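Visitor: Please take a close look at one part of this model. Start from a single residue and work outwards, with the numbers at each step.

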Amino acid sequence: ESIEGLYNAVAPNPVSNRALILQLAKSRGKFYLPVYVPAFVLKWVLGEMSIEVLKSATVSSSKILGAGFTFSYPRIADAVENLLKTG
């Protein structure tokens, strides 16, 4: 069976960058202390590029799931574990 059209390349259970970093630290058995960087500091350091760092988008994988696609690692913990095992 073939599918056509545009599909979002996103996992079914999206997480924030903070959640990803914390999961990586937990999976590696490391202690990680998250440091909050205020937006104005990023704007000062990165200039216009800060827009890319600070923006957010809400997208859905419902279309690809509806087409029958199955994710090998739908949860971040499973994906990180696999990456660390093979990496």
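**Ile21 and the pockets**

Guide: Ile21 is partly exposed, because its relative accessibility is 28% and that class runs between the cut-offs of 20% and 50%. Keep in mind that the model is predicted. Ile21 sits in helix H1. Along the chain, 11 residues separate Ile21 from Tyr32. In space, their C-alpha atoms are 8.4 Å apart.

Ile21 and Tyr32 both belong to the lining of the largest pocket. Its volume is about 310 Å³. The rest of the lining falls into groups you can trace by number. Ser16, Asn17 and Arg18 come ahead of Ile21 in the list. Pro34, Val35, Tyr36 and Val37 follow Tyr32 in it. By class, the lining counts 6 nonpolar, 2 polar and 1 charged residues. Arg18 is the charged one. Ser16 and Asn17 are the polar pair.

Now move to the second largest pocket. It holds about 190 Å³ of space. There are 13 lining residues, and those closest to the centre are Ala11, Asn13, Pro14, Val15 and Ile76. Which helices supply at least two residues each to this lining? They are H1, residues 17-27, and H5, residues 76-86. Helix H1 thus links our two stops: Ile21 of H1 lines the largest pocket, and H1 also contributes to the lining of the second largest. The class count of this second lining is 9 nonpolar, 3 polar and 1 charged.

Why look for such spaces with a probe? Rolling a probe the size of a water molecule over the atoms shows where empty space is left.

Stay with Ile76 for a moment. Ile76 belongs to helix H5. It is partly exposed, because its relative accessible area is 27%. Asn13 lies 63 residues away from Ile76 along the chain, yet their C-alpha atoms are separated by 7.7 Å. Both residues are in the group closest to the centre of the second largest pocket.

A second pairing across the chain involves Thr70, in the loop between helix H4 (62-66) and H5. Thr70 and Pro12 are 58 residues apart in sequence. From C-alpha to C-alpha, the distance between Thr70 and Pro12 is 9.8 Å. Thr70 is exposed, because its relative accessible area is 61%.

Next, the charged contacts. The whole structure has 2 salt bridges. One joins Arg75 and Asp78, at 3.2 Å from N to O. Asp78 falls within the residue range of H5. Arg75 counts as partly exposed because its relative accessibility is 47%. Asp78 counts as partly exposed too, because its value is 28%.

The other salt bridge pairs Lys55 with Glu52, with 3.1 Å between the closest N and O atoms. Lys55 is exposed, because its relative accessibility is 53%. Glu52 is partly exposed, because its relative accessibility is 46%.

Glu52 falls within the range of helix H3 (50-54), and that brings us to a nonpolar patch. The patch is made of Trp44, Val45, Leu46, Met49, Val53 and Leu54, and it lies on the surface. Together these residues have about 650 Å² of accessible area. Helix H2 (39-46) and helix H3 each give two or more residues to it. H2 gives the most, with 3 residues.

Met49 completes the patch from outside both helices: Met49 is in the loop between H2 and H3. Met49 counts as exposed because its relative accessibility is 53%.

To return to the start: Ile21 is one of the residues that line the largest pocket, and Ile76 is among those closest to the centre of the second largest.

How values were computed
Residues numbered from 1 in each chain as written. Predicted model: local features only at pLDDT ≥ 70, side-chain atom pairs only at ≥ 80, totals over all residues. Heavy atoms only, no water. Patch = residues over 30% accessible without salt bridge, like charges linked within 9 Å, V, L, I, M, F, W, Y side chains within 5 Å. Areas by Shrake-Rupley, 256 points an atom, 1.4 Å probe, with all protein chains shown as cover. Salt bridge = Lys/Arg side-chain N within 4 Å of Asp/Glu carboxyl O. Helix = DSSP H or I, 4+ residues; strand = E, 2+ residues; numbered from the N terminus. Buried < 20%, exposed > 50% of the residue type's maximum accessible area, 1.4 Å probe, protein only. 1 Å grid on protein atoms, 1.4 Å probe; cavity = no way out; pocket = protein on both sides within 12 Å on 5 of 7 lines; lining within 4 Å. Points joined across faces, edges and corners; volume = space filled by probe spheres on them.
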